[in-house]
Amino acid sequence: MSAADSSSIMPGGGISRRPLDFFVLADCSGSMRGEKMQALNFAIADMLPHLATWERDQEQAAMRIRAVAFGDEAVWHVAEPTPVGELRWPPLQAAGRTRMGRALEVVGGALNQLERRALRPAVILITDGRPTDDFDAGLAALLATPAGRSALSLAVAIGRDADLDPLERFIGDPSVPVLVADSAEEIADRLIAASIAVSRLSEVRLGQGHDVNAKGVLAVRGPGSVADDDRIV
Amino acid sequence: MSALIPAEGEWQILAANAVGASHRANGRPGQDAVRYAPSDHGIDYPLAVAVADGHGHRLHFRSHDGSRLAVGVACDTLLHAAGMLWACGEAGALAAAATDRVLPDLVAAWRSACLANLDGRPVTFEELRAAGFPEEEQAMVAAAGEPLLAYGSTLMAAAIVGRWVLLLHIGDGDIFTVGADGSAAVPVPGDPLLDGFRTTSLCQPDALGSFRVAVLDLADGPPVVIGLATDGYGNAQSSDVWQPAVGADLARYLRQQGRSWIGRQLGDWVARCASVEGSADDTTVALLVAPGAEARASAAASVEAQRVETYGAAATAVLTPVTTPATAPVMPPGAGTVLDTAAERTFPMPPPPTGPTSTSSTGGGW
């Protein structure tokens, strides 16, 4: 083996950055039809470059996007974990009811399959209404997974008709408000705010002042708040 | 780092650690520690190695001290107990003695060491501020009365006592073995509480209950390598189940290059895992390389080549943990060396076994 070979060789199947999975749950119910859906598609497409820029700059996590569209059913809209820099957002279509609970179940199933080395995921829930199915069962399924309990959860409410109660319960942290877009024009702003929140809160985990690899301890409750990285149960 | 050529019948330890990119970026110290120690008790050359990973979270603001103290007391406790462990005579009794006597001693020694550290260097508000506690929380943390929390750390330790290898593990990280044929196994039982986001720890009030214990019988298909790695290593691997590929490659390197070559590469491997290419986390690996590992790996490869020639290639695969028992105590000191960079040392092989042959572990592999 030459010196050049030995400098690049390494046991195993190679190394790579740890994945950071970002799940978008988008409301595609009938009430989203028209201007709102158009604005949402634009807003998500506009958010992706911000996340890609953040990913490129922080150099420690590999962000991958998946999306679930929920209307009469909750279905994968972007099924494969796709590197954020490679995703071209396929437009959503609106129709039907608001199976938000089922969407949480679908994501819960995916969170249960995350790689062992994955960083804490981020989940954003976007809706203009209220769930028409069993939201509590869906939330319970999501929180039944370690990754679901550890996830950074954000919510965007489109319009004042959105029911904030389930969104607040989904977030599960009174210090994190639901981002409300009062009009279609504001959707993009709220998603940009959400993407900044994802990147900033992920930075906290990526060593920008704190420690991406910090661990909490089971069964020991420490003093005071552990809001930045509450892995202690 | 020196390149030692092992003599016949010697175990060799190859170890390296690297500070993670995430810690370097914010100027924080590495949280990992590694130590190995030969016996100074003269009992059949027992050998102890320990690797620990401080949690890094601000609540564990002295976890770099906690991990350093952990590897020290682990080696000391194991060597101190070597005579008692040797006298157990069979694997089940050895596992029970480890659970009932060694672990309580080890945990108590770690707690004492942490408290002594605290006595010598009381926590200051400046330290809490540097750890990232906002001003309004500093007094609360200082008054919390949970001093051990600051020192939270995992611990993996291995001791070779005659024909036995005793393995102790609390928290995340990986202990793995590599057979002469390159097959890999996980000798210590898993812990469902380790979900990747949290870890069990020496600082838990019930730490004894979270230790996992295994005993390997070297007379029963001994591994060529026993590896202890902090989670910075496993988290850098692209594959979730990485041990089979790593095991196969290590056996091949032993065959083709030898342990000294591996020892020279280990620092680079660990540094790459700790970089932004990998986990960006502190990474520490200690490899115990068995006597005659190169020859055994070569022999196994020859047998496999002959088998393939005769019967055709066969697939391998699937991770099967080697099984074993469980838990439970303190003692002091012995010798050892703390490593900052890749290093290797050789140790004489224990004399041939004379006791019974049972083991509390069953063979397993991928």
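Which residue stands opposite I124(A) in β5(A)? I will answer that shortly, and I should state at the outset that the model before us is predicted.

The residue is L154(A): in β5(A), L154(A) stands opposite I124(A). The two strands concerned are β4, residues 122–127 of chain A, and β5, residues 152–158 of chain A, and they pair in the parallel sense over six bridges. Both belong to an open sheet of six strands in chain A, whose order is β3-β2-β1-β4-β5-β6 and whose pairing is mixed. At the edges of this sheet are β3 (74–83) and β6 (179–181) of chain A, each of which pairs on one side only. Direction ignored, neighbouring strands of the sheet are turned against each other by 15° on average.

Let me now turn to chain B. Its secondary structure comprises nine helices and 13 strands. Chain B has 366 residues, of which 58% count as buried. The chain exposes about 13,000 Å², and carbon and sulfur atoms supply 57% of that area.

Within chain B, I should like to dwell on strand β6(B). Five of its five residues are buried. In a regular strand, side chains alternate between the two faces of the sheet. In β6(B), D174(B), F176(B) and V178(B) lie on one side, I175(B) and T177(B) lie on the other, and all are buried, which leaves both faces covered.

What does β6(B) pair with? One partner is β10, residues 225–229 of chain B, which runs antiparallel to β6(B) and is joined to it by five bridges. Another is β7, residues 184–185 of chain B, paired in the antiparallel sense over two bridges. V178(B) takes part in both pairings: V178(B) stands opposite V225(B) in β10(B), and its bridge partner in β7(B) is A184(B). β6(B) and β7(B) form a hairpin with five residues between them, and G182(B) in the turn has a positive phi of about 90°.

The final topic is the largest pocket, with a volume of about 840 Å³. It is lined by 38 residues, and those closest to its centre are R116(A), D174(B), L194(B), D195(B) and G196(B). The elements that give two or more residues to the lining are α5 (146–150) of chain A, together with β6 (174–178) and α6 (231–234) of chain B. By character, the lining divides into 14 nonpolar, eleven polar and 13 charged residues.

D174(B) thus links two parts of this account: it is buried in β6(B), and it is among the residues closest to the centre of the largest pocket.

Definitions and conventions:
Residues numbered from 1 in each chain as written. Chains lettered and ligands numbered in written order. Predicted model: local features only at pLDDT ≥ 70, side-chain atom pairs only at ≥ 80, totals over all residues. Heavy atoms only, no water. Helix = DSSP H or I, 4+ residues; strand = E, 2+ residues; numbered from the N terminus. Buried < 20%, exposed > 50% of the residue type's maximum accessible area, 1.4 Å probe, protein only. Areas by Shrake-Rupley, 256 points an atom, 1.4 Å probe, with all protein chains shown as cover. 1 Å grid on protein atoms, 1.4 Å probe; cavity = no way out; pocket = protein on both sides within 12 Å on 5 of 7 lines; lining within 4 Å. Points joined across faces, edges and corners; volume = space filled by probe spheres on them. Nonpolar A, V, L, I, M, F, W, Y, C, P; charged D, E, K, R; others polar. Pairing = 2+ DSSP bridges. Axes fitted to C-alpha atoms, helices over the stretch in contact; angles between N-to-C directions.
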